[in-house]
Amino acid sequence: MKKLLVTGSSGLIGSEVVRSFASEGWQVHGIDNNLRADWFGPDGDTRWNQKRLLAENPNFRHHELDVRDRSAVLATVAELRPDLVVHAAAQPSHDLAASRPLDDFDVNAVGTLNLLEAVRRHAPEAALVHMSTNKVYGDRPNSIPLRELETRWDYDDPTYADGISEAMSIDQSKHSLFGASKVAADILVQEYGRYFGIHTCCLRCGCLTGPNHSGVEQHGFLSYLIKCHLEGRTYRVYGYKGKQVRDHLHAVDVARFIQEFWKNPRCGEV
Ligand SMILES: NC(=O)c1ccc[n+]([C@@H]2O[C@H](COP(=O)([O-])OP(=O)(O)OC[C@H]3O[C@@H](n4cnc5c(N)ncnc54)[C@H](O)[C@@H]3O)[C@@H](O)[C@H]2O)c1
């Protein structure tokens, strides 16, 4: 039986990846310590999702671990020796990073290094997929001219009709501290692929969504928008005349991509 290790398994992406691989007969191990509740308060609490995963997937096991705990991460990977690792545990918000820079860097950058090193030492044949972000490009994408449409904004340049290429520079732009800690993680993941020959991949996602988000104002806006509507809370609109600027990708499609990468893994891919 193939083994998958997912960090951030109670979150939006982690939980969808758990479901996707568990339903295909994999033995799935999740690492999560509900740090999202510490970042964002009760609305960010992901325990409900952890309980749901345990109830619905008999081949899923939860590990109450912090990815910052280097010796625990090393020991867990040494014990499990997974075939595939999906790294989705993170501090995911710009605003929060500015108020807690040390926690942000320790989780996003050092936590990623802990996991990479554990894989190199104890499961070097495994493939590792890292949830990176388009914020590695900093504010550079904001320099692309926009065109106002009836309900949304779109790029006013055919070069970007299919989105922003991975060839865009990540240098010489303003990232926020969150973007900077994610750049560190992204480069480390690439380097473990290129330097050590491990099968790694960075997914530089934009906005992601799905029913498993514990949405809060600072992160997971579609989930938060619905929550505000159902509970009669005020939803604040920021900029762009309230029209949508970015595309959303469903968590199911992220999990589908990871299934495809597993079938045909490459080293240091972005
Ligand atoms: N949601 C988006 O729109 C989006 C967009 C681009 C990139 N991403 C990236 O995808 C990844 C997953 O995002 P998400 O939306 O699923 O986030 P999420 O907050 O829903 O899930 C992350 C999970 O990780 C856990 N976690 C956080 N720190 C931890 C730690 N130190 N140890 C163990 N567990 C910890 C949290 O408790 C949470 O359950 C992140 O790396 C994020 O930056 C997300």
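A residue counts as near a molecule if one of its heavy atoms lies within 4 Å of it. This is a predicted model, where local features need pLDDT of at least 70, side-chain atom pairs count only at pLDDT 80 or more, and totals for chains, interfaces and linings use all residues. Numbering starts from 1 along each chain as its sequence is written, and side-chain values use heavy atoms, with hydrogens and water left out.

**Exercise 1.** Work out which residues come nearest to the ligand and what the shell around it is made of.

Step 1: 29 residues surround the ligand, and Asp32, Arg36, Asp66, Lys182 and Gly206 come nearest.

Step 2: sort the shell into 14 nonpolar, 11 polar (Gly goes here) and four charged (Asp, Glu, Lys, Arg) residues.

Step 3: go by DSSP runs (helices H or I, at least four residues; strands E, at least two). H1 (12-22), H2 (35-40) and strand E9 (207-209) each give at least two shell residues, and H2 has the largest share, with three.

**Exercise 2.** Find polar contacts (N or O pairs within 3.5 Å) of the ligand.

Step 1: a side-chain N or O of Asp66 sits 2.9 Å from a ligand nitrogen.

Step 2: try ligand oxygens; a backbone N or O of Leu208 is 2.9 Å from one, and a polar side-chain atom of Thr46 is 3.3 Å from an oxygen too.

Step 3: check the cover. Alone, the ligand exposes 830 Å² (Shrake-Rupley, 1.4 Å probe), and the protein buries 97% of that.

Terms used. A polar contact is a pair of N or O atoms within 3.5 Å; within protein, one must be able to donate a hydrogen and the other to accept it, and residues adjacent in sequence count only if both atoms are side-chain atoms.
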